[in-house]
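Me: Could you take a close look at one part of this structure for me? I'd like to see how a single residue sits in its surroundings, and then how the sheet and a helix around that part are put together.

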Amino acid sequence: MVKMPVLIATIIALISLLSTLNANEHYLLPDHKSDLTHTLKLKIARAESLTIITSELDNSALATSIEKALKRGMRFQLITTSFDSAAFYAKYRETLVKVPLSNRINESFFLNILLIDKSDVCFSSVAFSEKQMQNNIGEVICTTNQEDLMFAKKIEKSYVERFEDYNR
């Protein structure tokens, strides 16, 4: 016969294990900017592939992490409306940079997704720009939920088809 405290401890351990399988992290910007940046740097450091869809990627801490990961062989894909961001990252090998066919989309592009391997995705209401993350109020949600990952992959596929390669 199993004693009640052992049974309760087993149930609690199982619930804890299952809740970590779909980890959700929430960050309120600008208050949690440094926590978010630290988390993203750790995720990028272990990534084999990284896709960022954003209106602007201008963050020195993330740039340093991305550059280090690229040197060790990570594949990087940037889908952006910022030609400055595109020009900065297009110089790296193992990097695919996509920009819109038309400049009309620039002012109305508010989609910000960071997709790491097939394991993590972050949805942000603010672009991955140091200035915007510091000055704008927004939320970033990172998750390992498979439905959210599949949703992000569909968005990625759609924008890869609709945007064109940035000319180096």
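Reply:
**A buried threonine and its surroundings**

T54 counts as buried because its relative accessibility is 0%, in what is, please keep in mind, a predicted model. This residue is found in strand 2. The side chain of T54 makes a polar contact with the side chain of N112, at 2.7 Å. Beyond its neighbours within four places in sequence, T54 is in contact with L78, I79, T80, T81, F109, L111, N112, A127 and F128.

Now let's step out to the sheet. It is open, with 8 strands in the order 1-9-7-6-2-4-5-10 and mixed pairing. Strand 1 (24–29) and strand 10 (164–165) are the edges, each pairing on one side only. Strand 10 is joined to strand 5 (residues 95–99) by 2 bridges, and these two run antiparallel. Here K98 stands opposite D165 of strand 10. Helix 2 (residues 33–46) packs on the sheet, where it touches strand 1, strand 2, strand 6, strand 7 and strand 9 (138–143). The direction of helix 2 makes about 135° with that of strand 1.

Strand 2 (49–54) also meets helix 6: the buried residues of this helix pack against it, as well as against strand 4 (75–80), strand 6 (113–116) and strand 7 (120–124). Those buried residues are L149, A152, I155, E156, S158 and Y159. Helix 6 (residues 146–162) has 17 residues and reaches 24 Å from its first C-alpha to its last, close to the 24 Å expected. At its start, a side-chain oxygen of N145 comes to within 2.8 Å of the backbone nitrogen of E147.

Methods: Residues numbered from 1 in each chain as written. Predicted model: local features only at pLDDT ≥ 70, side-chain atom pairs only at ≥ 80, totals over all residues. Heavy atoms only, no water. Helix = DSSP H or I, 4+ residues; strand = E, 2+ residues; numbered from the N terminus. Expected span 1.5 Å × (residues − 1). Buried < 20%, exposed > 50% of the residue type's maximum accessible area, 1.4 Å probe, protein only. Contact = heavy atoms within 4.5 Å. Polar contact = N/O pair within 3.5 Å; in protein donor to acceptor, adjacent residues only side chain to side chain. Pairing = 2+ DSSP bridges. Axes fitted to C-alpha atoms, helices over the stretch in contact; angles between N-to-C directions.
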